[in-house]
Amino acid sequence: MGKFINVYSDGACRGNPGPGGWGTLLKYNGNEKELYGADEDTTNNRMELMGAIQGLEAIKESCHVILTTDSTYVKNGITEWLPNWKARNWKTAAKKPVKNQDLWMRLDEACQRHHSIEWQWVKGHSGHEENERCDQLANKAIDEMLS
């Protein structure tokens, strides 16, 4: 059957590109784990991807995951665009290289380790408790890096 775990993720960037951070919250069986990190020179999309990647990679065994993000880029990329990118050898429909290919490949690999992943989207900065916490973690990561 496997364990069910909720993962929430977010990314933030001050300037795009600029200093950025990601935050993720894992919830399982009444327990919570917060993770966050930063990069000196990155983009918002890269930090959104890192939040999801770090959340999935932190899970040590194959689980059923519900991953909630406020990034349509991450949700649409993994659920809609990725199969075509792979089929076209990491090219877009316009035959251009896929941006952030390194992170898309890493996210794809992290997904393969789990029984199932249900991707959910929530509107950012709309009061969703876990999404707001992840945003705070991403900004905390940037603050700590810059201090």
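This passage walks through the nonpolar core, two of the helices, a pair of buried residues and the cysteines of a predicted model.

A good place to start is the core. The largest nonpolar core holds 28 residues, and the members that touch the most others are Leu49, Leu56, Val65, Trp104, Leu107 and Trp119. Several elements feed into this core with at least two residues each: strand 1 (3-13), strand 2 (18-28), helix 1 (44-57), strand 4 (63-69), helix 2 (72-87) and helix 3 (101-112). Helix 1 gives the most, with 6 residues. As a general matter, nonpolar side chains in soluble globular proteins tend to be buried together. Leu56 shows what the surroundings of one core member look like. Setting aside neighbours within four places in sequence, Leu56 is in contact with Val65, Leu67, Leu107, Ala110, Cys111, Arg113, His114, Ile117 and Trp119.

Helix 3 comes next. With 12 residues at 1.5 Å a residue, helix 3 should span 16 Å, and the 17 Å between its end C-alpha atoms agrees with that. Its buried residues are Leu103, Trp104, Leu107, Asp108, Ala110 and Cys111. These residues lie on the same side of helix 3, because they cover an arc of only 160 degrees around the axis. An α-helix has 3.6 residues a turn, so residues three or four places apart point the same way. Over on the other side of helix 3, Glu109 and Gln112 are exposed. As for what sits on top of the buried residues of helix 3, the cover includes helix 1, helix 2 and strand 5 (116-121).

Leu103 gives a closer look at this helix. This leucine, placed in helix 3, is buried, with a relative accessible area of 5%. Beyond its neighbours within four places in sequence, Leu103 is in contact with Arg46, Leu49, Met50 and Ile53. Leu103 and Asn45 are 58 residues apart in sequence, yet their C-alpha atoms are 10.0 Å apart in space.

Helix 2 has a kink to report. It bends by about 60 degrees at Trp81, and a proline, Pro83, follows within four residues. Even so, the end-to-end figure fits: the 16 residues of helix 2 should span 22 Å at 1.5 Å a residue, and the end C-alpha atoms are 22 Å apart. The buried residues here are Tyr73, Val74, Gly77, Ile78, Leu82 and Trp85, and they pack against helix 1, helix 3 and strand 5.

Back in helix 1 sits Met47, which counts as buried at 3% relative accessibility. Leaving out neighbours within four places in sequence, Met47 is in contact with Asp10, Gly11, Ala12, Gly20, Gly21, Trp22, Asp39 and Thr42. Ala87, by contrast, is 40 residues from Met47 in sequence and 25 Å from it in space, C-alpha to C-alpha.

Last come the cysteines, where the disulfide count is 0. Two of them show why, given that a disulfide needs sulfur atoms within 2.5 Å. The sulfur of Cys13 has its closest cysteine sulfur 17 Å away, in Cys134, which is too far for a bond. Cys134 has its own closest cysteine sulfur in Cys111, and at 16 Å that is too far for a bond as well. Cys134 is also buried, with a relative accessible area of 0%.

Note on methods. Residues numbered from 1 in each chain as written. Predicted model: local features only at pLDDT ≥ 70, side-chain atom pairs only at ≥ 80, totals over all residues. Heavy atoms only, no water. Core = buried A, V, L, I, M, F, W, Y, C linked by side-chain atoms within 4.5 Å. Buried < 20%, exposed > 50% of the residue type's maximum accessible area, 1.4 Å probe, protein only. Contact = heavy atoms within 4.5 Å. Expected span 1.5 Å × (residues − 1). Arc of directions from axis to C-beta. Bend = angle between axes of the 7 residues up to and from the residue.
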